[in-house]
Structure formats: C-alpha cells, structure tokens
Amino acid sequence: MSAKNKSSEPITLLWFRRDLRISDHAPLNAALKKYKETKHKEKGATILPLYVLDNHSPNITKYGGASLWWLHHSLGNLSKSLEQKGSKLLLRSGPAVDVIRELISELNVENLYFHHSVLSGEADIENELAKLCQEKNIECKRFKGELLFEPKNIATASGTPYKVFTPFWRTCLSQKRPSKPIAPPKAIPGPKHFPKTETLESWKLLPAKPNWAAQFSQLWQPGEEHVSDVLDVFLKGPIASYKKMRDYPSIKGTSKISPYLAFGNISIRELWHKVEGHEGADFYQRELGWREFCYHLISHWPEIIEEPFQDKFKNFTWEENEEFLKAWQQGKTGYPIIDAAMRQLWQTGWMHNRLRMVVGSFLVKNLRLHWHHGAAWFWDTLLDADLANNTGGWQWVAGTGADAAPYFRIFNPVTQSEKFDKEGKFIREFIPELSNMPNKFIHNPTAAPKDVLKEAGVTLGETYPDAIVDLKTSRQVALDAYTNLQNSE
DNA sequence: TGAAATGTTGGGGCG
DNA sequence: ACGCCCCAACATTTC
C-alpha cells in the first residue's frame, strides 16, 4: 500500500479514549498549538478527532451494557460539541492499532496525539502505536491526564509503591497540587476532506429488545455538556455535609459524578479544582484519592484484575452456586437492603457507595461466591464502571486486596440497614412490596411475626423472598473457611 | 469504610 | 445498712 491516494493535507490525528470532552484536554490543546505553529506555511496540520470502538484488541476489557449506553450518549454529545467548534468526530471500529494504521495509509497523518492510560491493556496498544509511528516517521505523543498524581512520583522512602492508602494519600497531598485545567478551545480546525465515517447508530450500543435502559434517560444526562449542572447541585448543598450524609442511601448526599468521570466527560483535574475551596471538599477529594490509589495499584500490579493481591488467597476456595448468584443479581435474597441496592443498580445504572460495600460483603462472605462474579456484574450494570475502581473495590471488600477490609470484617445487612436506612425509606423506594412493613421489621421480614407480615400484606416466598441464607451460620462458615486458609499456610 | 463475644462498671431492686 | 444479683451501658478483644 503506497501513498497514491493520499490527500496531501497534513493531519494531526486526535484519538479520543476515556476522555470524551474538549475541556482540559491536553492532546487537543497540543494539536491546536501544532496547527497554529505550522499555519504560516499555509499547510497547518488540521485536526482529525477519532473515536475507535475496539472490541478486538487483546487484554482490554470490553465495555459492559450500561457503559455502552453512556458511551453512546457521550459520543453523541462530543460529536455535537466538536461540530459547534467547526470540527467533526470520525467513528471507526476495529482493533485500535489496525484502525489507526489504516488511517495513516489513507491520509497524510503527521502527528498522533492521545491521552495515556496506566491500564496495561491500553498501554500495550499505545506501545504498538508508538512503534508504528516511528516506522512511518509520525510524531506520536501521549499526554498525562488520567490521574492527579503520577504513579511513578508516589513511592515510599525505600522507593517501593505504597500498599496502604493513608500514607499513599499523605504523600500525594504533599506533592505539588494538580495544575489548573485547560480551557476549552474556541474553534477546532477540521480537515477539508473528512474521511468516511461509520455512524453511531450502526454500532447499536443501546439495548434493543428488552430496553433495560428505559429509566436511564429520566435519571441521567451523559456527556460533557451536562457535567456542570450535576456538579453545581452537589457544590451548592451536599458537599458541605458530605462526610456524614454520604452514608445514607435515601439522601442525595453524593455527587453522582462517577459516570462522567469514568468516561472523562470531566477531567479528574477539573473536578479537583471545581470542588477545591468548598466546605467538605477535603473529604470528597479523599474519595478521589481512593480512585487514585486504585489506579496506582493496578499500574504496579496489573495482574490484580484477576489474581488476588494477597498471595495467600490464591489457595482460597469459593462456593459455586448459580441460584445464589442469580438471587443476588436480581435482588431476591430476602434481605431488603441488599435487594433494594441490587434493584437500584439494575434500574438506575448506579448504586450508592455504602451499599456497594454491603452487597459486596454479602456476596463474598455470606454467599461465599468469588468476587469475580460481583466484579463482572458491576462491570456490566454500572454506568460508572471503571476497571481500576471496580478491581480495587472488589478486592477491598473480599479482603484479598491491598489495604483491604480484613476478611473477617463481615457486614451484617440487617444492622447496616437499621443504621443507614432507619425508616426503611430507601428500601420502600425499590421494594414497593414491602412498603407497608413497619420500620421495626422492614429490615428483616424473615424474622417478623406472622401477624405483622399479614398486616403488611407480605407473604414470604410469594410476594417477597424468604432469606436465602441465615446470617449467623453463613457468617460462621465464612470465618471457618478463612481459619482453614490461615492454617494451611 | 464491622460485628459478635467477652469483660467491666455501676445503679437499683431486694432479701 | 449491707451484700448479692441482675443487667444496662460502655469498653475491649476476638473473629
């Protein structure tokens, strides 16, 4: 394949990944700078924004269903804002390296710019691209922006990566604070000859037959355009009492920014600066620190996507039980706080953070199923699914991770429910069949007297499931399994 | 960013 | 008045 058909127009290929925005976008900014620098030659490298739907590259984790819904709308939104700036988004599908190689042969690509990712599967692609560009004499530039702090800058006194969050975060905070975000461009010079593009519709990213995302569009407005509205709500109220109120699932005490962050509709740096200065910001920023910590861990130990961080858990045996897994996924365990949380996830594409811990503990400890099952389900159903956070969160709750909750720390779903959903408000929202249960028994219908159930119109096993496991005995089984593991060391 | 079991203390009922 | 017991309420330890 030679350069016969090549248009001579010089191009900077701007590859969008999980950075679906135009604000605070370093590669875009650099591409603009490049254009301005070379413009006087009458052949400034115009910018070709590209998104690649990649379901084929090895070692990457394909998007789950809920993520694809968000991706669809984010891409539509990005496309629109690029058009408002005089540009357009090129859509291609296939392994990223192949797609870009093809574009290089079609067009006169002089530069390839994109954001760097510390995820190993993504970095593999980047390395191949760098090699390709070197062969073709193309400038390949990768930009930082995925994180607030570079993993390589954060190390213990002896130079090893941190395995514990608190000292990790202390060191991060002692670094130079994240620099100010870059303003969005006023205009983006697009190429005169725009290559053939696939269409968003043809990708069929939205669910078809059973449209399980029906409710999503009432609840979420994906894309960069809408981030500031959502963030403003948080900054005007909840952030001030974030430390306390974020624990109560029936209260709007959290930011709801996670899906925007997962797709880069807002940059982590911009988010950091937007919250800075508000009362309560340090507690919120600490949570951003956990995200940072998860990326830090996964960059140093990429194998933790599959393998337990703590070696001793390699020999740990988990239960296999399809019935249990189904009951958990569908919110039919007979424990209302678990079931309400799992239904919230399915219906809204999101779950309150405390409940992620509670349902995680229940799956891994009380049902004794492998955390992989939980991670896979979350990956498929969460709009904010993020490989580093998902891996970090599940290893944390399973007790297998770095700085994880000790294995014997087992949440009691009834106690948690009584503590954080005292009036059963959250439960009633997602389990209407329990709405007439009195507060005293709504947390554990299986333990309610017969007349109470009758009065509330609840028939266990019919209108609402019986508890699938006994908390006391299942807890003991989990503890015994852990003791056995310790003894077999 | 647990929960349960076990230990300790101190007030009140009561012989 | 005193010792004894019971048992909240709180603290500590164990898992």
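These questions and answers walk through a predicted model of chain A with DNA strand B.

Visitor: Into which domains is chain A divided?
Guide: Two of the pieces are continuous stretches: domain 1 covers 10-146 and domain 3 covers 311-487. The other piece is written in two parts, and it is domain 2 (147-182 + 225-300).

Visitor: How many residues of domain 1 are in contact with domain 3?
Guide: The C-alpha centres of these two domains lie 40 Å apart. Even so, domain 1 and domain 3 touch, with 9 residues of domain 3 taking part. On the side of domain 1 there are 4 nonpolar, 4 polar and no charged residues. The number in contact from domain 1 is 8.

Visitor: Which strands are the edge strands of the open sheet of 5 strands?
Guide: The order is β3-β2-β1-β4-β5, with parallel pairing. An edge strand pairs on one side only. That picks out β3 (90-93) and β5 (139-143).

Visitor: What is the bridge partner of Ile 11 in β2?
Guide: Strand β1 spans residues 10-16, and β2 spans residues 46-53. The two run parallel and are joined by 6 bridges. Across from Ile 11 in β2 sits Thr 46.

Visitor: At about what angle does helix α4 run to β5?
Guide: Helix α4 is made of residues 120-136. The helix lies across β4 and β5. Its angle to β5 is about 155 degrees.

Visitor: How many charged residues does the surface near DNA strand B have, and which?
Guide: The residues around the strand include Trp 290, Phe 408, Arg 409 and Asn 412. By class, 5 are nonpolar and 3 are polar. That leaves 1 charged residue, Arg 409.

How values were computed
Residues are numbered from 1 along each chain as its sequence is written. Chains are lettered from A and ligands numbered from 1 in the order in which they are written. This is a predicted model: local features need pLDDT of at least 70, side-chain atom pairs count only at pLDDT 80 or more; totals for chains, interfaces and linings use all residues. A residue is near a molecule or strand if its C-beta atom, placed from the backbone, lies within 6 Å of it. Two strands pair if DSSP finds at least two bridges between them. Helices (H or I, at least four residues) and strands (E, at least two) are DSSP runs, numbered from the N terminus. Two residues are in contact if their C-beta atoms, placed from the backbone, lie within 7 Å. Axes are lines fitted to C-alpha atoms, for helices over the stretch in contact, and angles run from 0 to 180 degrees between N-to-C directions. Domain bounds come from an automatic or database domain assignment.
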